[in-house]
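Biologist: Please take a close look at the cysteines of this model. I would like to know how they are paired and how far each is buried or exposed.

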Amino acid sequence: MRRSQALLSLVVLTIAAMLMLWRTTGAASGAPPEELAAGFGGTVDAVPASGRVHVPAGRFAMGSETGAADEKPVHAVAVAAFDLDRTEVTNARYAACVAAGACRAPQLSSSNKRAHYFDDPAFADYPVVFVDHERASAFCAFAGGRLPTEAEWELAARGTKDSRTYPWGEAKPDCARANMLGCVGDTDRVGIRPAGASPYGLLDMAGNVWEWTADWYDARFYDM
């Protein structure tokens, strides 16, 4: 699967790649995004759930000419309107899915530096980690949504008015905007860095942990 990066140009994440999480998305109106790879999730809810942000339909420049080879070439993509969780999925939300029998527990209950994490109530509002794509998809179905496509995720992080490097613009990343190397050394509570918000008000789109998208990964997908 393609993994969403810090606007694909400069990754400022602190956690190892296997610490995956995601946001659920629900279609608001219109047809599916024009750019839609295999692996797209199931039925989505047409009514925005609490904690979701509406991202209007738009056309934007996707990719980066200064990033890795699989981020090129920059190309225009049109995306239909959708709703996306304002923050990353938390331990508490995922635990509710496990308790309902709709999700399997994370592969590990620890985090980068914490022996107990998922099973410690002190971290209830921190992002759930050690979940594979299957677990992420199961949670999205439980929550009445689906995984966002890569194009939806990047539009939500970047917006349509410019080709910004980071959700907040071009200012150099710091611990006030994103949880990255040199900040806490592990995951941090979701949504506590409003200075790093995307143009639509989504939080933690850069930093904290990697996020799953629906798409299958293909290093040459942008060349097709």
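Modeller: What follows goes through the cysteines pair by pair.

This is a predicted model, in which local features need pLDDT of at least 70 and side-chain atom pairs count only at pLDDT 80 or more, while totals for chains, interfaces and linings use all residues. Residues are numbered from 1 along each chain as its sequence is written, and side-chain values use heavy atoms, with hydrogens and water left out.

A search of the whole structure gives two disulfides, a disulfide being a pair of cysteine sulfur atoms within 2.5 Å. Counted along the chain, the bonded cysteines follow the pattern 1-2, 3-4.

One disulfide links Cys97 with Cys103, with 1.9 Å between the sulfur atoms. Its S-S torsion is about 70 degrees, so the disulfide of Cys97 and Cys103 is right-handed. Cys97 has 0% relative accessibility and therefore counts as buried (buried means under 20% relative accessible area, exposed over 50%, partly exposed in between, with a 1.4 Å probe and protein chains only). Cys103, at 9% relative accessibility, also counts as buried.

The other disulfide runs from Cys175 to Cys183, with an S to S distance of 2.1 Å. Here the torsion about the S-S bond is about -100 degrees, so the disulfide of Cys175 and Cys183 is left-handed. Cys175 counts as partly exposed because its relative accessibility is 37%.

That leaves Cys140, whose sulfur has its closest cysteine sulfur in Cys103, 8.9 Å away, which is too far for a bond. Cys140 is buried, its relative accessible area being 0%.
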